[in-house]
Amino acid sequence: MSNTPMAANPLTRAVLEIDEYASGLGWDQPARLFALVDTARLRVQEPGLAAQLGLENEQETIGLTPVEQDEIPAGKPLDEFLGTIAWPDSVVGCALTVERLMLPPSAEASVPEGLSGKKLTKWVAAHPDRQEVRMTVGVLRDGTRDSALRLREKDAPKEVLTGADLVPGLAEALSSTFAD
């Protein structure tokens, strides 16, 4: 994608490309899952798909191409869904983009005792300090991971935070889709 900044490594670039794609769709979107494939290998092994994705004239020889997967089933918890995934060898990594509400650490002390599940979700949604965030997390088979976080109130490419350990639980869940 043309507005994706050059990043230090292919996984970071792929995560930022997915974040940009999700941003173009707007907010209040369902979670989206992506296979990450080696771009050079894709051009050689699947030239038709590479052409369909606009990759046939790419100059870069090192990179990852995100390929969006079928829609995640509505009503199925994300962790259960991820537990059903098995990737073919041609997939070198995967990524997920998902929107959530989050609270600042200062709000943790005010969480009422005994809330769980739907009640906790409802309480967070009503909290005045809640923030909507889009998390895009990518992992590779070798354990490499990266993330991008975009706050709805600061919805601009220059405001996207990146880092390997921003969403460790989600990164771990994605990594488990490559476990034998």
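**View 1. Aromatic pairs in the predicted model, beginning with Y21 and F34.** In this predicted model, two aromatic pairs are found. One of them brings Y21 and F34 together in an edge-to-face arrangement, with 6.0 Å from centre to centre and 90 degrees between the planes. This pair links distant parts of the chain, since Y21 belongs to helix α1 (residues 10-25) and F34 to strand β1 (residues 32-38), and the two residues are 13 residues apart. Y21 counts as partly exposed because its relative accessibility is 28%, whereas F34, with a relative accessible area of 4%, is buried.

**View 2. The stacked pair of W87 and F178.** The rings of W87 and F178 form an aromatic pair that is stacked, the centres being 6.2 Å apart and the planes lying at 25 degrees to each other. W87 is placed in the loop between α4 (78-82) and β3 (91-102), while F178 is placed in the segment after α6 (168-175), so the pair ties together parts of the chain that are 91 residues apart in sequence. Both partners are enclosed by the buried criterion, which is a relative accessible area under 20%: W87 is buried at 13%, and F178 is buried at 12%.

**View 3. Strand β1 between its two partner strands.** Six of the seven residues of β1 are buried, so this strand is largely enclosed by the rest of the structure. On one side, β1 is joined to β3 by six bridges, and these two strands run antiparallel; within this pairing, F34 stands opposite A95 in β3. The pairing of β1 with β2 is also antiparallel and extends over five bridges, with V37 standing opposite T65 in β2. F34, which takes part in the pairing with β3, is the residue of β1 that forms the edge-to-face aromatic pair with Y21.

**View 4. The salt bridge between E68 and R32.** Side chains of opposite charge can pair when their charged atoms come close. E68 forms a salt bridge with R32, in which the closest N and O atoms are 2.9 Å apart. E68 lies in strand β2 (residues 64-68) and R32 in strand β1, so the salt bridge ties together parts that are 36 residues apart in sequence. E68 is partly exposed, with a relative accessible area of 32%, whereas R32 is buried, with a relative accessible area of 17%.

**View 5. D28 and its salt bridge with R152.** D28 is found in the loop between α1 and β1, and the phi of this residue is near 65 degrees, a positive value in a residue other than glycine. Most residues other than glycine have a negative phi. With a relative accessible area of 56%, D28 is exposed. D28 forms a salt bridge with R152, and the closest N and O atoms of the two residues are 3.2 Å apart. Because D28 lies in the loop between α1 and β1 and R152 in the loop between β5 (145-151) and β6 (161-163), the salt bridge ties together parts that are 124 residues apart in sequence.

**View 6. R152 with E132, and a further salt-bridge network.** The salt bridges of the structure come to seven. R152, which is partly exposed at 31% relative accessibility, also meets the side chain of E132 in a salt bridge with an N to O distance of 2.7 Å. This pair links distant parts of the chain, with R152 in the loop between β5 and β6 and E132 in strand β4, 20 residues apart. E132 likewise counts as partly exposed, at 31% relative accessibility. Elsewhere, salt bridges that share partners join D19, R150 and D155 into one network.

**View 7. T136 and its surroundings, with R134 over W27.** T136 is found in strand β4 (residues 131-140) and is buried, with a relative accessible area of 0%. The side chain of T136 is joined to that of T97 by a polar contact of 3.1 Å. When neighbours within four places in sequence are left aside, T136 is in contact with V15, I18, D19, L96, T97, D146, S147 and A148. D19, listed among these contacts, is also a member of the salt-bridge network with R150 and D155. A charged side chain over a ring completes the view: R134 lies over the face of W27, at 4.1 Å from the ring centre.

Notes:
Residues are numbered from 1 along each chain as its sequence is written. This is a predicted model: local features need pLDDT of at least 70, side-chain atom pairs count only at pLDDT 80 or more; totals for chains, interfaces and linings use all residues. Side-chain values use heavy atoms; hydrogens and water are left out. Rings of Phe, Tyr and Trp (its six-membered ring) pair if their centres lie within 6.5 Å; planes under 30 degrees apart count as stacked, over 60 as edge-to-face and the rest as tilted. Helices (H or I, at least four residues) and strands (E, at least two) are DSSP runs, numbered from the N terminus. Buried means under 20% relative accessible area, exposed over 50%, partly exposed in between (1.4 Å probe, protein chains only). A charge sits over a ring if NZ of Lys or CZ of Arg is within 6 Å of the ring centre and within 35 degrees of the ring normal. A polar contact is a pair of N or O atoms within 3.5 Å; within protein, one must be able to donate a hydrogen and the other to accept it, and residues adjacent in sequence count only if both atoms are side-chain atoms. Contact means heavy atoms within 4.5 Å. A salt bridge is a side-chain nitrogen of Lys or Arg within 4 Å of a carboxyl oxygen of Asp or Glu. Two strands pair if DSSP finds at least two bridges between them.
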